[in-house]
Amino acid sequence: MDAISVIRTKRDGHPLSDEQIDWVIDAYTRGAVADEQMSALAMAILLNGMTRAEVARWTAAMIASGERMDFSTLARPTADKHSTGGVGDKITLPLAPLVAACGAAVPQLSGRGLGHTGGTLDKLESIPGWRASLSNAEMLSQLDSAGAVVCAAGEGLAPADKKLYALRDVTGTVESVPLIASSIMSKKIAEGTGSLVLDVKVGSGAFMKNLDDARELAATMVGLGTDHGVRTVALLTDMSTPLGRTAGNALEVRESLEVLAGGGPADVVELTLALAREMLAAAGLPDADPAKALADGSAMDVWRRMIAAQGGDPDAPLPVAREQHIVRAGDSGVLRSLDAYAVGLAAWRLGAGRARKEDPVQAGAGVELHARPGDRITAGAPLLTLHTDTPEKFDYALAALEGGYEIGAGPVDVPESVVLDRIA
């Protein structure tokens, strides 16, 4: 078996055999297949796709590349959530402590930013002292004491995915349904959670641009989870407009704290509660009331324990970018649209994301939204504020926003709910 023959098989549109998949995942994990070879294979998969059987085998091979965790010793049922990535998607931050406050244990293995979408670990690392890497023993101890943990996947958990995840970000292969599905589900199944709720984003700011593609991805992942004995359900949620009013690391932490304090933007609160109810039902706790846990402060109490347990200071001031630039409305009228992709790309260009897998991110960089579609605004009023430590990036970010919003007359059809569909 060799890498070139595997690449050629997929390049020419043929399905990979079980033996080819097992070999290439193992060899890539060991370093016997080079990054440039796996890049070529990933591009061939993006262009030619995979059968359901290939995706299942690819996922199983990723799981087999490392260890599997076991949470059976915990007194609480386990529930986890995964988002396919969006702009302003800070939902994990209030959601994990909220579900823990309602009686479940939440082992949330999260990732870093991919392309124009933010990464949960990048956001939390803007909190002074907070660390993403925990041993399995530390993770289990924190689940027992605080009820929730958000951390990076350990070196031993689906190590093949850890390598491939970073590679996809810098090779233009993030959008591949088979690679997204297998990446997410290999980690989640190896993680050992008893139930899983998937937040599959749909729209310009998501990797899935339309409902049909999102349903395909959701159905693929639900099937993979169910086949491995994990109770799995998916919500399809709107990502045509950024979630909430911020996109960027420390900016999103600040907004998440508003939600945990009983406030925050309506769409962030709606989605947090919708996902919490799904997680609690899947964990066998359908009578728990997450809205009450937000209102009475118990979710905030778990947040503080969760952050402190990982070395973070929940009372420390969050980083603020050194420079700001206000984008003002050119006309009076109604904000008819605000494109999530344009905002995400601007935040990325300001320093909130990375162009190469080894790049650092700026904790304070990002975009703050002062209006949402349907809002009436006047000429000269602030529309967006751009934040960065490197002001030479402003022009690059402003170019990303060109054509990304429209101000006009008349009412706008704003979706009644951020949740578009449910697949189980």
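Two strands count as paired if DSSP finds at least two bridges between them. Strands (E, at least two residues) and helices (H or I, at least four) are DSSP runs, numbered from the N terminus. The model is predicted: local features need pLDDT of at least 70, side-chain atom pairs count only at pLDDT 80 or more, and totals for chains, interfaces and linings use all residues. Residues are numbered from 1 along each chain as its sequence is written, and side-chain values use heavy atoms, with hydrogens and water left out.

Select first the open sheet of four strands, whose order is β6-β9-β11-β7 with antiparallel pairing. Its edges are β6 (246-248) and β7 (323-328), each pairing on one side only. On average, neighbouring strands here are turned by 15° against each other, direction ignored; axes are lines fitted to C-alpha atoms, for helices over the stretch in contact, and angles run from 0 to 180 degrees between N-to-C directions.

Next, select β9 (residues 366-369) and β11 (residues 382-388), an antiparallel pair with four bridges. Within this pair, Glu 368 has Thr 385 of β11 as its bridge partner.

Add helix α15 (residues 340-352), which packs on the sheet and touches β6, β9 and β11; its direction makes about 135° with that of β9. Contact means heavy atoms within 4.5 Å. Helix α11 (residues 249-260) also lies across β6, β9 and β11, running at about 135° to β6.

Finally, move to Glu 278 in helix α12 (residues 266-282). Glu 278 has a relative accessible area of 15% and is therefore buried (under 20%; exposed is over 50%, partly exposed in between, with a 1.4 Å probe and protein chains only). Leaving aside neighbours within four places in sequence, Glu 278 is in contact with Val 197, Val 233, Leu 235 and Arg 422.
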